[in-house]
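Let's take a walk through this protein together, one part at a time. Have the sequence and the model open side by side as you read.

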Amino acid sequence: MAAKIKKGDNVVVLTGRDKGKAGTVTQVLPKEDRVYVQGVNLVKRHTAPKPGSPGGILEKEAALHLSNVAIADPKDGKPTRVGFSTLEDGRKVRVAKRSGEQIDR
């Protein structure tokens with residue numbers, strides 16, 4: 001099955017404490033159905049000092065479940081579902097259901 005959300009996509013968070021926030025996907029974990037979104041779902045981690053890093057309380061992104069994010073429509077930035085269509089040259093591309101706009105370049 002083709003991936004509906006890929007690294008580099010702009011997504012909108014649908015549920016949770018970061019509901020409504022938008023960001024870019026930095027990493028996709030397909031086996032766990034999870035994604036990392038830049039600047040969203042920040043958690044604090046208490047780390048011990050190690051050679052090369054001072055330690056302390058670090059803030060970093062945690063993974064979100066795929067069901068809690070949706071692709072942002074290229075036209076208006078609102079959440080949309082993803083469909084697929086085939087171009088004349090035979091390429092399969094992702095399409096926003098909301099506007100019909102092509103997501104892939």
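A good place to begin is the database record: an unreviewed UniProt entry lists residues 4–31 as "domain: KOW". Keep in mind that what you are looking at is a predicted model. Over residues 4–31, the chain is 43% strand and 0% helix. The C-alpha atoms at the two ends of this stretch are 14 Å apart.

Two strands to find next are β1, residues 10–13, and β2, residues 22–29. They run antiparallel and are joined by three bridges. To get your bearings on this pair, look for V12, which stands opposite A22 in β2.

Now zoom out to the sheet that holds these strands. It is an open sheet of six strands, and reading across it gives the order β6-β3-β2-β1-β7-β8, with antiparallel pairing. The edges are taken by β6 (64–65) and β8 (79–80); each has a single partner strand, so one side of each is left without a neighbour in the sheet. As background, strands of a sheet pair through backbone hydrogen bonds, in either a parallel or an antiparallel sense.

Further along the chain comes another pair of strands. Here β9 (residues 82–86) pairs with β10 (residues 92–96) over five bridges, again in the antiparallel sense. The two strands form a hairpin with five residues between them, and in this hairpin G90 takes a positive phi near 95°. Across the pair, F84 stands opposite R94 in β10.

R94 deserves a pause of its own. Is this arginine buried or exposed? Its relative accessible area is 3%, and buried means under 20%, so R94 counts as buried. What does its side chain meet there? One partner is D9, whose side chain makes a polar contact of 2.6 Å with the side chain of R94. Another is K4: its backbone oxygen lies 2.9 Å from a polar atom of the R94 side chain. Both K4 and D9 fall within the residues 4–31 that the record lists.

D9 also leads us to the last stop, the largest pocket, which has a volume of about 220 Å³. Of the 13 residues that line this pocket, the closest to its centre are D9, N10, A72, I103 and R105. What is the character of the lining? Its residues divide into six charged, four nonpolar and three polar. So D9 is a handy landmark to select in your viewer: its side chain contacts that of R94, and D9 is among the residues closest to the pocket centre.

How values were computed: Residues are numbered from 1 along each chain as its sequence is written. This is a predicted model: local features need pLDDT of at least 70, side-chain atom pairs count only at pLDDT 80 or more; totals for chains, interfaces and linings use all residues. Side-chain values use heavy atoms; hydrogens and water are left out. Two strands pair if DSSP finds at least two bridges between them. Helices (H or I, at least four residues) and strands (E, at least two) are DSSP runs, numbered from the N terminus. UniProt positions are given in the numbering used here, feature names are shortened, and annotations may be inferred rather than shown by experiment. On a 1 Å grid over the protein atoms alone, a cavity is a set of points where a 1.4 Å probe fits but cannot get out, and a pocket is an open set with protein on both sides within 12 Å along at least five of seven lines; lining residues have an atom within 4 Å of a point. Grid points are joined across faces, edges and corners, and a volume is the space filled by probe spheres set on the points. Ala, Val, Leu, Ile, Met, Phe, Trp, Tyr, Cys and Pro count as nonpolar, Asp, Glu, Lys and Arg as charged, and the others, Gly among them, as polar. Buried means under 20% relative accessible area, exposed over 50%, partly exposed in between (1.4 Å probe, protein chains only). A polar contact is a pair of N or O atoms within 3.5 Å; within protein, one must be able to donate a hydrogen and the other to accept it, and residues adjacent in sequence count only if both atoms are side-chain atoms.
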